[in-house]
Amino acid sequence: MKEIYLDNAATTPMSEAVLTEMTDKMRNVYGNASTLYGLGRESHTVLEQSRHIIAQSINATDDEIVFTSGGTEGDNTAIIQTAIARKKEGMHLITTAVEHQAVLQPMLYLESLGYEVTYLPVDATGHISLDDLKNALRDDTILVSIMSGNNEVGSVMPIHEIGELLKDHQAWFHTDAVQAYGLLDIDVQRDHIDMLSTSAHKINGPKMVGFLYKREGVNIPSLLKGGEQEEKRRAGTENVPAIAGFAKAVEEITSAEKAARQEKYAGFKQQIVEGLKANDIAFEVNGDLDRSELQHVLNIWIKGISTYVMQTNLDLAGIAISGGSACTAGSIEPSHVLTAMYGDDSPRIAESIRISFGRGTTAEEIDQLIASITAIVNRLKKRSEVK
Amino acid sequence: MIYFDNSATTMADPEVISTYDAVSKQIWGNPSSLHNFGEQAFNLLEQSRQQIADLLGVSLSEILFTSGGTEGDNWILKGTALEKRQFGNHLITTAVEHPAIHNSMEQLKDLGFEVTYLPVDEHGRINVADLKAALRPTTILVSVMAVNNEIGTIQPLKEVGDLLKDYPKVHFHVDAVQGIGKGISDLIFNDRVDFITFSGHKFHAPRGTGFIYAKRGKRIAPLLSGGGQERNLRSGTENVPAIAAMAKGLRLLLTDEDKKVAQQRAIRDHILDHVKNYPLVTLFSEENESFAPHILCFAIRGVRGETIVHAFEEQGIFISTTSACSSKKHMASSTLSAMRIPEAISTSAIRVSLDEHNTMAEADEFNAAFDKLYDQFKKLSNETAK
């Protein structure tokens, strides 16, 4: 039986072209990019070509891209180092209640150091209100960190409007674009974004590499100190093979490809919703099906069946889905995102699953998912009737 | 082509690359996921951790994965500072550490911590009496590298460990990035050491890999927080393919370690024996066991290090000025300046760094190239003297 992978928001397999690029660079371009001689210069060239490809993908300039070890490092750096650098200008930060833990945990840490953090609420579709943001902004706000798209329910935040609102305020605007990069057209100029973090392994690139975009003039100290790599903005020998692999993954996702994926994934969502309805499954979508969201994520509440039971049964049937986000590291904790959307007494919190599509997902796999969910629900229903 | 710059980075081993390739294709799930893809990735992650722990003779729970040596050093220093700040604000290190230590310490100074940099003697070695004098009731950490990355000095870790037995609460950290696989495991893993930093790409494992050893019961605060991976101490999705490849690299490195060390030492001595006969040469590395077998550093007085590096490159031999991390700055070596070597000499220093694949034939070629280039160096040196 071929297993079906519908957990692409957790991680994605590397594309063949990316892996080939990486192993080629491991074999052939192994100099340390900081060394003086030819081998190092070659590494340096690959590094800078990759940086250019990636900068273009968000309409930034090359020197605004700093490579990192992934989304967690990008988020931690943007938040903690901004707080340290701008302490004199204020100690207030704003974020949302539904961010990834890589944003929320640094915020908690800053609170322990005496900073104040406002967590914007979300509505039942997982969106913040701009009015809430306006009301939360203060003269001493130094950073607003709001994700581009949510990893559990796919809600897309009003990034352009937030950028417009903040462009005349001292607060810098950071967005965690880990889930959105590769699906939405991101333009840091158009949207007045000051910092943006991404991760390669969510877009069929290698693990443990990402970038932090920092607008020119956004000066924060490096989180990792040491050698003078990345123009002193991030110490550590550059992971040239992984960075080249990342650039290859980015190249594979053209604007047309992004649009095509969004459309294909939206079709999968419809297919699931209609399929489950036709099979008389009692369920509801967590979020807004009619809005243009991150279409690779569908979060549904299957009434009366716990997340863990559904996940385990689907796993036995060879289908990988998730109970929410893969982090917090293997633990089964109630989703803070669903809690923020529906309150902590909603049955949705214990009875929802996240299905996330990737470039390899097919309509046949979606049919199998529908059939498996239906079979599991009916089997469990029958069992409870027997009791 | 002869690659003599293994302290900057090493070529990934073909077996390491095939492990990376195979795992990337087959076991690419997120280890935190609860489904089968995740479970396979988790199992491989823990097998790799077990393999590394077994190879080093420590326990599974004492190995934590990082993105490399820089992260490991930053984490242990800042994580100790944060964890133990109610007990004290004083840290001790040496004047010859890698920038990942030095610049982390400088950052901690900006945050109100006090740092003592121990001086070194003419061999680049600290004196344990200086350490004893520097220790205060408020000292929370002592960080001493195993092997200096610029000239190869092995630090007296055993003596440091013996002294620190009287200070059980002080974290003792060893940066072993240059020391692993070089025949000094007993020294690095002496029973007083609490934390050790390792970097994968220095031993033919992929870039962006590394791990720290953290002795059971010794606590540091996380540097990266988020999803709670690595027992809530290092967040970020684990790079399982690269970690499995790193475990493979470490196993290969430590197979026949004694033989490999002897070979590197013989090559080192063969080169040092040759170049020391030339009047313009000043040796910094020494032909004895208090220096690592794979690093040799010397100056050709009156010729800039960059010039020497390029001259050898034209002969197909890749060496470096001192460390790769500072080589672009045209700066004098920090280790040599801590040894009070005048700048006129230290800017003429070069480093040759070996690995287990280098051969005596390559050393002969290096020596022959040296003979060929020496007249040219002599001319340059005379011009400088004028």
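Reader: How far apart are the mean positions of the positive and negative charges of chain B?
Author: They are 4 Å apart, taken over 39 positive and 48 negative charges. Lys and Arg count as positive, Asp and Glu as negative, while His and the chain ends are left uncounted; each charge is placed at NZ of Lys, CZ of Arg, CG of Asp or CD of Glu. In chain A, 36 positive and 54 negative charges have mean positions 3 Å apart.

Reader: What kind of model is this?
Author: The model is predicted, so local features need pLDDT of at least 70 and side-chain atom pairs pLDDT 80 or more, whereas totals for chains, interfaces and linings use all residues, and side-chain values use heavy atoms, without hydrogens and water. Residues are numbered from 1 along each chain as its sequence is written, with chains lettered from A and ligands numbered from 1 in the order in which they are written.

Reader: What makes the radius of gyration of chain B agree with that of a compact globule?
Author: For 386 residues the rule gives a value near 21 Å, and chain B has 21 Å, so the two agree. The radius is taken over C-alpha atoms, and the rule is 2.2 Å times the number of residues to the power 0.38. For the 387 residues of chain A the rule also gives a value near 21 Å; chain A has 22 Å, which agrees.

Reader: What does the C-alpha trace of each chain span along its principal axes?
Author: About 70 × 50 × 35 Å for chain B, and about 75 × 50 × 35 Å for chain A.

Reader: How many of the residues in chain B are called buried, and why?
Author: The share is 65% of the 386 residues. They are called buried because their relative accessible area is under 20%; over 50% is exposed, and in between is partly exposed (1.4 Å probe, protein chains only). In chain A, 63% of 387 residues count as buried.

Reader: Which helices and strands are counted?
Author: DSSP runs are counted: H or I of at least four residues for helices, E of at least two for strands, numbered from the N terminus. By that count chain B has 14 helices and twelve strands, and chain A has eleven helices and twelve strands.

Reader: What are the domains of chain B?
Author: Domain 1 covers 2-9 + 256-380 and domain 2 covers 14-254; such bounds come from an automatic or database domain assignment. Their contact (heavy atoms within 4.5 Å) takes 33 residues from domain 1 of chain B and 31 residues from domain 2 of chain B. The C-alpha centres of these two domains lie 27 Å apart.
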